[in-house]
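Got your viewer ready? Load the model, pick a plain cartoon view, and follow along.

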Amino acid sequence: MKFFINMKCEIYSFLILSILTCCTSNDIQIRRKIEELKEKPVVINMDSMDLLKGEVTNYKKDGYKMVSYWSSEECTKCAISHLYLWNYIINKSRNVSFIFIFETKSSQKKDFEYSVDNIGENNNVTICIDTLGIFKKDNPVLPQESYFHTFLLDSTNNIILVGNPLNNLKIKNLYFECIKDDKVSKDGESSFESDR
């Protein structure tokens with residue numbers, strides 16, 4: 001009987017240790033991916049993409065840029081149908097250019113053309129279809145996980161903040177703090193909160 005009690009304790013200890021190690025390991029992986037993202041400026045080559053809304057020159061403007069990218073592995077139709085959720089943030093962000101990039105097949109382009117009218121009434125919104133996978137090719141360190149596909153860039157396209165402000169209140173607050181104060185967080189580091 002004592003043997004079984006000890007065995008149960010060892011199993012529970014192992015499970016708890018495994019869970020703690022997993023969480024710590026996940027945090028380390030997230031930090032590593034963010035550091036890789038920050039090593040080089042993000043390349044935005046809109047000249048090779050199909051423009052659905054806005055101006056190609058938005059990515060060349062000085063100031064902040066909020067980039068959100070959907071790969072072909074994600075449900076891009078779902079994402080574009082929910083773009084209107086960005087309107088609150090767009091309307092509160094006059095000094096930020098918003099760039100939404102959808103990687104999809106050219107045969108699906110017509111599906112998107114009818115869905116972009118409900119986002120961003122001002123001229124700081126650009127929506128592109130990337131049928132050639134240019135964005136992913138130009139930014140090979142971009143992780144596969146979609147929660148790394150939305151980021152705030154400075155005027156030289158360096159990442160300031162990683163994460164989607166629609167999915168995470170902490171990211172939303174950090175986003176507004178960054179654009180309001182026109183500066184990066186006090187320690188100069190990029191921030192990330194998991195959208196999961």
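Which residues make a nonpolar surface patch of about 260 Å²? Select Tyr-84, Leu-85 and Leu-166, and you have it. Patches here are built from residues with over 30% relative accessible area and no salt bridge, joining like charges within 9 Å and nonpolar side chains (Val, Leu, Ile, Met, Phe, Trp, Tyr) within 5 Å. The areas are Shrake-Rupley values with a 1.4 Å probe, and for residues only the protein chains shown count as cover.

Before you click on, some housekeeping: this is a predicted model, where local features need pLDDT of at least 70 and side-chain atom pairs count only at pLDDT 80 or more, while totals for chains, interfaces and linings use all residues. Numbering runs from 1 along each chain as its sequence is written, and side-chain values use heavy atoms, leaving out hydrogens and water.

Stay on Leu-85: it sits in the loop between helix H2 (76-81) and helix H3 (87-91). Its relative accessible area is 42%, so it is partly exposed (buried is under 20%, exposed over 50%, partly exposed in between; 1.4 Å probe, protein chains only).

Next, go to Arg-94, in the loop between H3 and strand E3 (96-103). Arg-94 is exposed, at 59% relative accessibility. Now add Ile-179: the two C-alpha atoms are 9.5 Å apart, although 85 residues separate them along the chain.

Time for the salt bridges (a side-chain nitrogen of Lys or Arg within 4 Å of a carboxyl oxygen of Asp or Glu). The whole structure has 2 of them. Start with Glu-145 and Lys-33, whose closest N and O atoms are 2.5 Å apart. Glu-145 is in the loop between helix H5 (134-138) and strand E5 (150-153) and Lys-33 is in helix H1 (residues 2-38), so this pair ties together parts 112 residues apart in sequence. Glu-145 is partly exposed at 26%, and Lys-33 is partly exposed at 22%.

Then pick Lys-38 and Glu-35, which pair at 3.7 Å, N to O. They are 3 residues apart in helix H1, about one helical turn.

Finally, zoom out and colour by secondary structure. You should find 6 helices and 7 strands, with helices (H or I, at least four residues) and strands (E, at least two) taken as DSSP runs numbered from the N terminus. Of the 196 residues, 40% are buried. Turn on contacts (heavy atoms within 4.5 Å): among those with a separation of 6 or more, 77% join residues 24 or more positions apart.
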